[in-house]
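Subject: Structure handover

Hello,

Here is the structure I said I would pass on. Please have it open while you read the notes underneath.

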Amino acid sequence: MSNSNITQEVVERIKSTLGDLVKGIEEHKGFVTVYVDPENLVKAASLLKSMGFDHVKSVTVVDRIKEKVFHVGYHVSSFSDPELAKVVVELATIISREDDAKVPSLTGVWTSAEFQEREAYEFFGIIFEGHPDLRPILLAPDVAEKRPLRKDFVVKEEGIYRE
Amino acid sequence: MSSDVRGMSVGETRRIHGLEVKKIARDLYEVFIGPQHPGSGHMRIIVRLDGDVIVEADPDLGYVHRTVEKLSEGRQWIKIIPLIERMAILDACNVTLPYVEAVEKLLGIEPPERAKFLRVLLCEINRIASHLYGMGIFGVFLGHSTMYMWPFGDREVFVELAEWLTGARLTHSYPVPGGVRRDMPEGFADAVRKAARYMRKRLEEYRKIFLDNPVIRRRLEGVGVIPKKLAIELGIVGPNLRASGVRYDVRIVEPYEVYDELEFEVPVFEEGDALARAWVRVEEIKQSLNIIEQVVERLEKMPKGEGLMHDRFWAKAPPLFKQVLQKEGRVKLMPIMAMLRVPKGRAFARAEAGRGEIIYYVESDGGITPYRVRVVTPSFKNAIVFKHVLPGHRLADLPAIYGSIDYFPPEADR
């Protein structure tokens, strides 16, 4: 079966498993995004896990500064189910872009999200509620305070002369 | 101050054999390992010990973080390639390829067949070199100095092949959107066959001196066991995952470039211990040798000097560019690349790098720079092993486990 056929089949299965939780489905190049409301995130994640999506490939946060929202996505797939392994699904939610934006942690569902949620916390300042150990992982604490991957953190390019 | 823990009071800190040791409770010590190059690159593990048994381990990463994701948002599409390949310079083709593929997905193009074969050729040369590097570092960890010298010497064979093909020993910047930057040189196929013959012989010697060495086996067998279920739960990748009995390799699961046209096996071991992880790498080198032999054979049968760059870019190239390709086998970068605009959209691409699956999420708003580049490297995924697998082992097993994971800080920190 080609990958696009499997994708279609998996999308149908997700729709029937998640039911009303699904707020929208978008097909992108190489993955499918399933939107849910933040309060349904943990429930949706548990359902996806019971379908066989057993690990998180990437916790992907995008700062959509114009729309004043954060896009928080979990790219998940499967190691144990060879058919599901061919598909990458992004479980995503949109939260408003505040200084202490909050979203429930999915580390309890997928242990593989643990370090990546810490990374999203330090770079975007998103607080993952219920995370067992939420603190910076790559950055020094004073740098993490600046939330460097937010779009309003602008890197100043230095010239060749120091003034 | 004495150089051991005798007579230490709770809360006191001493430097013992270069390690900072703090007594945090009666018979409980906190030991800082690193960050000055405990293995390959700077990282630190804070371990808490009850006697010599690890009760808690806290990997402290980020000492070589270079803000790759942030810098990518301010660079033109093509300039990101030399930036990201610095995460794992020896594995440059594997590390940059999914980025290039993601950009190609957004552009809606696929490179010509010859370019795909050339990409696979360099990817597999990189994989062999990367595994040899990892095995050498593993040797250092175990105090086996021969196993450090041999793979580092033999790695040179593959680094030189890469140099001959691309012009650079490391950081080749070889795949670019639409194709590759150089054709296979004259005589390269024979050099690949010679290297493969040589390396097979050497791997047999590695087995005798290292993998079947009774001392090494005692230190690795049953040490750092990651059961299949735990490996899946932690989301570890690459040889470490396959050593735990999971048959997951992106080259099989979602074949990219021309991997579906090549014959190779995916070595899987059930034991999940440090020895199995070492064996997976050896077996994978054998498979990669088979692949590069197949690839050069296919490349020899194709017409030379064409099929290196997609027509979308190449059709408009001035005559000088085509002359340079004919004479030198070199694809000059077209000016259009510098100010390339990529259509609006989101793309996800994955590839099997030497240390495991690497993924890119690329988002374009139609501009000359990406809106967002997200990269998750295999070493960052594997770092979680330190936290969840080390506890329960003796401190003396830490180097064996660390070495067997083939953890590479510059790649993890990005």
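The notes below cover the domains of chain B and then two residues with unusual backbone angles.

Please keep in mind that this is a predicted model.

Domains of chain B

The domain assignment splits chain B into domain 1, residues 13–60, and domain 2, residues 68–413. Between the C-alpha centres of domain 1 and domain 2 of chain B the distance is 32 Å. The two domains touch, with 16 residues of domain 1 of chain B and 18 residues of domain 2 of chain B taking part in the contact. On the domain 1 side, β4 (44–50) and β5 of chain B are the elements that supply two or more residues. The largest share of that side is from β5(B), which gives seven residues. Sorted by class, the same side of domain 1 of chain B consists of nine nonpolar, four polar and three charged residues.

Residues with positive phi

B:Thr67 is not a glycine, yet its phi is positive, near 50 degrees. B:Thr67 sits in the loop that runs between β5 (53–60) and α1 (68–72) of chain B. B:Thr67 counts as partly exposed because 18 C-beta neighbours lie inside 10 Å, while a buried residue would need 20 or more.

In chain A, A:Arg147 also has a positive phi, about 50 degrees, without being a glycine. A:Arg147 is found in the segment that comes after α4 (141–144) of chain A. A:Arg147 has 18 C-beta neighbours inside 10 Å, so A:Arg147 is classed as partly exposed.

Regards

Conventions: Residues numbered from 1 in each chain as written. Chains lettered and ligands numbered in written order. Predicted model: local features only at pLDDT ≥ 70, side-chain atom pairs only at ≥ 80, totals over all residues. Helix = DSSP H or I, 4+ residues; strand = E, 2+ residues; numbered from the N terminus. Buried ≥ 20, exposed ≤ 12 C-beta atoms within 10 Å, placed from the backbone. Domains from an automatic or database assignment. Contact = placed C-beta atoms within 7 Å. Nonpolar A, V, L, I, M, F, W, Y, C, P; charged D, E, K, R; others polar.
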